[in-house]
Amino acid sequence: MHRRGVGAGAIAKKKLAEMSKQLETFKTNLEEFASKHKQEIRKNSQFRVQFQEMCATIGVDPLASGKGFWSEMLGVGDFYYELGVQIIEVCLALKHRNGGLITLDELHHHVLKGRGKFAQDVSQDDLVRAIKKLKAMGNGFGMIPVGGSYLVQSVPAELNMDHTVVLQLAEKKGYVTVSEIRDSLKWERERACHVLDHLLKEGLAWLDSQAAGEPQYWLPALFSELLSRDITPEEASQMTP
Amino acid sequence: MDRFVWTNGLLEMNETLVIQQRGVRLYDGDDKAKLDVGVVLLSTHRLLWRDQKNHECCICIPLSQVIFFEEQAAGIGKSAKIVIYLHPVPENKEPGPYQQSKYSFIKLSFKEHGQIEFYRRLTEEMTQKRWENTPVSQPIPTGVGPKAARTRAVGIVGIERKLEEKRKETDKNISEAFEDLSKLMEKAKEMVEVSKSIANKIKDKQGDITEDETIRFKSYLLSMGIANPVTRETHGSGTQYHIQLARQLGDILQAPLEERGGMMALTEVYCLVNRARGMELLSPEDLVNACKMFESLKLPLRLRVFDSGVMVVQLQSHSEEEMIASALDNVSDKGSLTAEEFAKLLGLSVLLSKERLLLAEKVGHLCRDDSVEGLRFYPNLRLTNNF
């Protein structure tokens, strides 16, 4: 005899119908929340941080899709996706200067500049979240922790632990020498040179062989003077290929 | 000026200097302060000022005391200024240069310029409020509640009160918002639980739920932003939204792709499409999921991932052999080419030019010379028998 309506399949169907109803209710709740607090999310970067962290805790990604409720009703999506566009454009424009590596500070500076005086406020936390989303599109977007902040990588250059550690070492002065690497990290000369050569090849480091003492390997991404150099019109034309 | 306290000018443990500017005179409200010209310093936690001639004379004020600030343009014979409005004096304030003041604002007068950059940095610091995350070892008095009796001066009282009310209102709004947010998150959590239990049921008895229902389930997950907990292969079976999107992209991208030699990096596509949309933007994942559907929907585009991890959208009609052959031609023509040179030649991005050269190298048409001066490609003479 065949018992209908029993079995995991039927229960799943029932639960699915239930979920559909609950979803409608949730949508209403979210609409209500949005009507009261949408502005708060837009204006208050601290609130955004709270919001994101709470979502992460319960296992929800409000930025997964532009079609998601969060994006549609709270408008969080557009904020971060647009930020993503700006981040890509700034990185493209400055790539020839720094090889595709830029400090979060400098990125922040250029993004804020590009947004103009009256635009919404953008915090570094916002940038970090937008960058995390960009990773889905390949292209080597990543973040390297350096000196209390981050270096943002926007090219698919392979950077392993050795490269990262040397970048961190170079952070204080913007450059590093083979001796400094050997002294601080206790590496052999060959290992240090191998890493530095790779950084040179990838365009992330420049060699100053004229430096007093021994050659210095400078990282344009870490030059603080460059911070005040705006994006030139020529560079801006690189933004939208 | 009665908000300032004396300091030794040394930065605390977690405090960083952001910017400094010499040639700055302080104003107590509209009056010149009884101090000379000095250096103004902005840290992550405080605004400091030090007398240029007498370094012992150093005062500071915590940034948390700042209500708001604005620029005051220079005039004839007048330097540009930044006007800073401050909270009332806190109860436990340490001694400073002024015992009292009839003003609730100060001015920084930039006699040697530098006000633009200083204003920008001040804006940044006041936005980021880094002092909240990294409290310094010494307790710095913050702006505590107003003491109505202390404030004098007509006009200023009114402004201060309004600002204080606004601050209280904002605080109240924020705490209400947080409360509502917490309640909302509770409900969202329930949704996550329900979806998990459904996913488990599906996993156990895969045959008993129809394809249609699976698609419905996926769209529910998409709406909530819940990752798909069902572990079975989902390639090529995105939601209705992604199917629609894939078709739209098939239309929009045709011309741009042709203009760019048949290939665009996914990040380029992302920027192009979102800039065109203006609102209701696509998430990076939306774009990737839509592109994954090109093949199954028989659209003339393909998503391709290079060895380097670079993802591109490519025209189906775009011939690989042609691309490689033309790369070889260009390189032979010039003797050798780097990715940058090739990019300039074709009017393409350096990223994609490099990928083409790598492709040509992969099939053996080109070989590389990898030195610290850069990566340069040469025709592989062994293959073309041109020894």
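The following conversation works through the salt bridges, the chain interface and some single residues of a predicted two-chain model.

Q: What should be kept in mind about the model and the numbering?
A: This is a predicted model, in which local features need pLDDT of at least 70 and side-chain atom pairs count only at pLDDT 80 or more, while totals for chains, interfaces and linings use all residues. Residues are numbered from 1 along each chain as its sequence is written, chains are lettered from A and ligands numbered from 1 in the order in which they are written, and side-chain values use heavy atoms, with hydrogens and water left out.

Q: How many salt bridges does the structure hold over all chains?
A: There are 28 over all chains, a salt bridge being a side-chain nitrogen of Lys or Arg within 4 Å of a carboxyl oxygen of Asp or Glu. Side chains of opposite charge can pair when their charged atoms come close.

Q: Which residue forms a salt bridge with Lys133(A)?
A: The partner is Glu285(B), with the closest N and O atoms 2.7 Å apart. Lys133(A) lies in helix H6 (residues 124–134) of chain A and Glu285(B) in helix H8 (residues 284–291) of chain B, so the pair joins two chains. Helices here are DSSP runs of H or I with at least four residues, strands are runs of E with at least two, and both are numbered from the N terminus.

Q: Is Lys133(A) buried or exposed?
A: Lys133(A) counts as buried, at 14% relative accessibility. Glu285(B) is partly exposed, with a relative accessible area of 26%. Buried means under 20% relative accessible area, exposed over 50%, and partly exposed in between, using a 1.4 Å probe and protein chains only.

Q: And Lys183(B), what does it pair with?
A: Lys183(B) forms a salt bridge with Glu179(B), where the closest N and O atoms are 3.9 Å apart. The two are four residues apart in helix H3 (residues 156–204) of chain B, and about one helical turn therefore separates them. Lys183(B) is partly exposed at 46% relative accessibility, and Glu179(B) is partly exposed at 49%.

Q: What about Arg368(B)?
A: The side chain of Arg368(B) meets that of Asp370(B) in a salt bridge of 3.6 Å, N to O. Salt bridges that share partners join these two with Lys201(A) and Glu361(B) into one network. Arg368(B) is partly exposed at 38% relative accessibility, as is Asp370(B) at 35%.

Q: Turning to the interface, how many residues are in contact?
A: On chain B, 67 residues are in contact with 65 residues of chain A, contact meaning heavy atoms within 4.5 Å. The two chains bury about 6100 Å² between them, 69% of it on carbon and sulfur atoms. Buried area is the accessible area (1.4 Å probe) that two parts lose on being put together, summed over both.

Q: How many salt bridges cross the interface of chain B and chain A?
A: The rule finds five across this interface. Arg275(B) and Glu89(A) also meet through their side chains in a salt bridge, at 2.8 Å from N to O.

Q: Which element supplies the largest share of the side of chain B that touches chain A?
A: H3(B) supplies the largest share, with 20 residues. The residues on that side divide into 32 nonpolar, 15 polar and 20 charged. In this grouping Ala, Val, Leu, Ile, Met, Phe, Trp, Tyr, Cys and Pro count as nonpolar, Asp, Glu, Lys and Arg as charged, and the others, Gly among them, as polar.

Q: Now the backbone: what is phi of Lys186(A)?
A: Phi of Lys186(A) is near 60°, a positive value in a residue other than glycine. Lys186(A) is placed in the loop between helix H8 (178–185) and helix H9 (189–201) of chain A, and is exposed, with a relative accessible area of 67%.

Q: And His113(B)?
A: His113(B) also has phi near 60°, a positive value in a residue other than glycine. His113(B) is found in the loop between strand S9 (105–110) and H1 of chain B, and counts as exposed at 57% relative accessibility.

Q: Last one: where does Leu337(B) lie, and what does it touch?
A: Leu337(B) lies in strand S13 (residues 337–338) of chain B and is buried at 4% relative accessibility. Not counting residues up to four places away in sequence, Leu337(B) touches several residues, including Phe342(B), Leu345(B) and Phe377(B).
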